Amino acid sequence: MLDSPCVEHLFIITGTTRGIGRALADRVLALDRSFVVGFSRADAFFEGNRQDVRIDLNAIETIGSAFDAIGLDSERTGGLKQTVLINNAGVLAPIAPIVDCDPEELAGNIRVNLTAPMVLAHHFYRFSKSFPGKKWIVNITSGASRSPYFGWSAYGAAKAGLDMATRAMALEFSRIDPAFRVCAVAPGTVDTDMQAQIRKCTPEQFERVDKFIDLKANNALFTPEQTARDLIRLILEGGLENGRRYDLREMTGQLPAETPAIATGKNAARYRGA
Ligand SMILES: NC(=O)c1ccc[n+]([C@@H]2O[C@H](COP(=O)([O-])OP(=O)(O)OC[C@H]3O[C@@H](n4cnc5c(N)ncnc54)[C@H](OP(=O)(O)O)[C@@H]3O)[C@@H](O)[C@H]2O)c1
């Protein structure tokens, strides 16, 4: 049961079992009048202001019923100020040059990193269009969407596709229903299982593995908790711009303040991270 019938901040976050997604869910749960729905492969769960809906995002056709399973009635959603979908779940594998990749794994990467966030956005509109307040979709992107990395063709292509999907959906929503906004956020390099997976690669699989080993050794990674703090602050206080691509390092001074949020040209080369 919900502690209070009145929810003001409703967050639906994918991939809440670990890493950035788990830290985001914890951060939102600490807010007053918030409710978090985790879409993850963990067991279903409903207690207080948290519900977990079990879903494997490889199964695109089950995404609609995951939204149907959200247990909030109109009494609870009537006072909403903001409903946010954070498309956070992601996979890096396969990490290998294309000639060595397993075709099924390649297809699965694009499905989870690109197709699923777009299908989630589709159902999010249907789910939330009658709610009062702002409706935002935040797509977690990566520096790899802008720079080609040897061994990361699927991941980089999926994230580049997600950047373009963000811009196109933002344009569509601006005409269909301006209560909706869509943006992309690159988190920088964050100390999660995904980074541990990168550090285990051989140079034959991933040429730049040494750089990532050095980042960890030099304590240059963000924690998931720092990342969640900065991202939730951006969402709650920043007034997200429709269609914009943000880099969380701008907020922490790792990128010069004058760097445009929509990075192009030489700014793109400054991006690092998965
Ligand atoms: N860490 C970084 O340095 C970094 C940098 C740039 C961008 N990012 C992006 O940030 C996001 C979060 O990454 P992370 O570092 O927190 O990764 P992580 O620790 O590897 O966690 C990935 C999350 O995605 C979930 N997931 C993967 N496949 C799924 C599926 N088929 N169905 C449902 N959930 C699935 C995982 O769930 P399971 O536990 O069930 O596998 C897990 O909760 C990703 O989009 C990633 O691309 C990360």
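Which residue stands opposite Asn139 in E6? The legends below take that up, among other views.

**View 1. The whole chain comes to nine helices and eight strands.**
This is a predicted model: local features need pLDDT of at least 70 and side-chain atom pairs count only at pLDDT 80 or more, while totals for chains, interfaces and linings use all residues. To find your way around, note that residues are numbered from 1 along each chain as its sequence is written. Helices (H or I, at least four residues) and strands (E, at least two) are DSSP runs, numbered from the N terminus. Of the 274 residues of the protein chain, 43% count as buried. Here a residue is buried if 20 or more other C-beta atoms lie within 10 Å of its own, exposed if 12 or fewer, and partly exposed in between, with C-beta atoms placed from the backbone. Among contacts between residues at least 6 apart in sequence, 66% join residues at least 24 apart; two residues are in contact if their C-beta atoms, placed from the backbone, lie within 7 Å.

**View 2. Eight strands form an open sheet with mixed pairing.**
Reading across the sheet, the order is E3-E4-E2-E1-E5-E6-E7-E8. Strand E3 (45-47) and strand E8 (245-247) are the edge strands, each pairing on one side only. Two strands pair if DSSP finds at least two bridges between them. On average, neighbouring strands of this sheet are turned by 20° against each other, direction ignored. Axes are lines fitted to C-alpha atoms, for helices over the stretch in contact, and angles run from 0 to 180 degrees between N-to-C directions.

**View 3. Strand E2 (residues 34-40) pairs with E1 and with E4.**
E2 is mostly covered, with six of its seven residues buried. E1 and E2 pair in the parallel sense over six bridges, and Phe11 stands opposite Val36 in E2. Between these two strands the chain crosses through H1, making a right-handed β-α-β crossover. A crossover is right-handed if, with the strands pointing away from the viewer, the path from the first strand over the helix to the second runs clockwise. E2 also pairs in the parallel sense with strand E4 (residues 50-54), over five bridges. There, Val36 has Arg50 in E4 as its bridge partner.

**View 4. E5 pairs with E1 and is joined to E6.**
Five of the six residues of E5 are buried, so to speak a mostly covered strand by the cut-off of 20 or more other C-beta atoms within 10 Å. E1 and E5 pair in the parallel sense over five bridges, and the partner of Phe11 in E5 is Val84. Six bridges join E5 to E6, which run parallel. Here is the reply to the opening question: Asn87 stands opposite Asn139 in E6. Looking to E7, the bridge partner of Asn139 is Ala184. Strand E6 (residues 134-140) and strand E7 (residues 180-186) pair in the parallel sense over six bridges. Helix H4 (residues 103-128) packs on the sheet, touching strand E1 (9-14), strand E5 (82-87), E6 and E7, and its direction makes about 165° with that of E5. E5, H4 and E6 make a right-handed β-α-β unit.

**View 5. The shell around the ligand holds 27 residues.**
Gly15, Gly19, Arg41, Gly90 and Thr192 come nearest to the ligand. A residue is near a molecule or strand if its C-beta atom, placed from the backbone, lies within 6 Å of it. By class, the shell has 10 nonpolar, 13 polar and four charged residues. Ala, Val, Leu, Ile, Met, Phe, Trp, Tyr, Cys and Pro count as nonpolar, Asp, Glu, Lys and Arg as charged, and the others, Gly among them, as polar. Helix H1 (19-29) and helix H6 (193-199) each supply at least two residues of this shell.

**View 6. Loops carry a cis peptide bond and positive phi values.**
Most residues other than glycine have a negative phi, and most peptide bonds are trans. The peptide bond from Ala93 to Pro94 is cis, with omega near 5°, and Pro94 is found in the loop between E5 and H4. Arg33, in the loop between H1 and E2, has a positive phi near 50°. Arg33 is partly exposed, with 15 other C-beta atoms within 10 Å. Asn219 has a positive phi of about 60° although it is not a glycine. Its place is in the loop between helix H7 (209-217) and helix H8 (224-237). Asn219 is exposed, because 7 other C-beta atoms lie within 10 Å.
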